[in-house]
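Visitor: I should like to take a close look at a single part of this protein. Please begin with the chain as a whole and then lead me to that part step by step.

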Amino acid sequence: MTVSTTVSGRRMLGSLEVSATGLGTQTMTGDLYGPVTSRADMVSLIRTATGQGVTFFDTAEAYGPFESERIVGEALEPVRDEVVIASKFGWDIDPATGQRTGGLNSRPESIRAAVEGMLARLRTDRIDLLYQHRVDPAVPIEDVAGTVGELIAEGKVLHFGLSEPGVETIRRAHAVQPLTAIQNEYSMAWRGPEAQVLPLCEELGIGFVCWAPLGMGLTTGEITPFTRFTEGDFRPMVPRNSPENLEANMALVQLLQDWAVRKGVTPAQISLAWLLAQRPWIVPIPSTTRLPHLLETLGAEEVTFSPAELTELTTALEAIMIRGDRLPGPALAMTGVEAPTPMG
């Protein structure tokens, strides 16, 4: 089964229509890539995105925790019926303090409590797309899917998704409650989903959402072996961003810079346009806190490749081996997507 795209910069995630490029909001809390200018600026940025045609906004209770959802709720309240809001559950978070009190928690009662909190923070009566943030090995995925199915029947949730699951988890969940989208890391710096997850999504008619579609900044060309990150930035903990690995990974940056010159665009736009060209049901959700970066990423939708160009670029990409894991060890252990066999 295949999923077709619609016209005018829209794509289908299963039966859910969204803008071809969404907006991730995790960095807007200031605790991932470092401080942000102000909360008011983040609200304004989201509202600017809606004016630019973005209809798909991604958040999670864990971002902040809670603060990202509050920002999204405030920003989108005036246009709530014109946008699609996705959020994620799956952690032990104290509803009173917003502090994490443990690890993963996808017990049915926890899912229900999480959704009630989301509805309040997002100032809405439904979550358009609800993901399990990470698979909880202590709770059968069938129980998770069944609980979300009940919430869908109640009208509090409209669509079901999984973030970073393995292929067997996808099949088992989909058999209980059809999945609308899978959200995994996917970029020119990390192509793991291509081996099994993307073919399975195509088979089952499930859309695919790319988090970190710019490789956490690597494919923008702004990170080099000489980069010094600000205090509070998560990226120095990512193995592929160590100085020694970055030196090797500059081969990817050079490839993107060469193509950017060739096409008269930016490396970030080449990176996102390549993702959009992979499947008509792939939707990247770059996260940004700056207006120029927002406009730059949306401009990627205007970049096109001929079939010959796409083959040439992908062949060159396959000759480059990215060094270093995509996440720190503990975070990587919570994902279900295996690395593909290197082709270069």
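Guide: What follows moves from the overall chain to its sheet, and then to one residue in a helix. The model is a predicted one.

The protein chain contains eleven helices and twelve strands. Its radius of gyration is 19 Å, close to the 20 Å that the globule rule gives for 344 residues, so the chain is as compact as a globular protein of that length. The C-alpha trace spans about 50 × 45 × 40 Å along its principal axes. Of the 344 residues, 54% are buried, where buried denotes a relative accessible area under 20%. The accessible surface of the chain amounts to about 14000 Å², and carbon and sulfur atoms account for 53% of that surface. If one takes the contacts between residues at least 6 apart in sequence, 75% of them join residues at least 24 apart.

Within this chain there is an open sheet of eight strands, paired in parallel and arranged in the order 3-4-5-8-9-10-11-12. Strand 3 (23-24) and strand 12 (282-284) stand at its edges; each has a single partner strand, so one side of each is left without a neighbour in the sheet. One of the pairings may be examined in detail: strand 10, residues 181-185, runs parallel to strand 11, residues 207-211, and five bridges join the two. In this pairing, N184 has C210 of strand 11 opposite it.

The sheet also has a helix lying across some of its strands. Helix 4, formed by residues 141-153, lies across strand 5 (84-89), strand 8 (129-132) and strand 9 (160-163). The angle between helix 4 and strand 9 is about 145 degrees.

We now come to the single residue, R172, which belongs to helix 5, residues 167-176. Is R172 buried, partly exposed or exposed? Its relative accessible area is 39%. Because buried means under 20% and exposed means over 50%, a value in between is classed as partly exposed, and R172 is accordingly partly exposed.

Which residues does R172 touch, apart from its neighbours within four places in sequence? R172 is in contact with P140, I141 and E142. P140 lies 32 residues from R172 along the chain, and the C-alpha atoms of these two residues are separated by 9.4 Å. With E142, R172 shares a polar contact between side chains, at 2.8 Å. Helix 4 comprises residues 141-153, and the contacts of R172 include I141 and E142; R172 itself is found in helix 5.

Terms used: Residues numbered from 1 in each chain as written. Predicted model: local features only at pLDDT ≥ 70, side-chain atom pairs only at ≥ 80, totals over all residues. Heavy atoms only, no water. Pairing = 2+ DSSP bridges. Helix = DSSP H or I, 4+ residues; strand = E, 2+ residues; numbered from the N terminus. Contact = heavy atoms within 4.5 Å. Axes fitted to C-alpha atoms, helices over the stretch in contact; angles between N-to-C directions. Buried < 20%, exposed > 50% of the residue type's maximum accessible area, 1.4 Å probe, protein only. Polar contact = N/O pair within 3.5 Å; in protein donor to acceptor, adjacent residues only side chain to side chain. Rg over C-alpha atoms; globule rule 2.2 N^0.38 Å. Areas by Shrake-Rupley, 256 points an atom, 1.4 Å probe, with all protein chains shown as cover.
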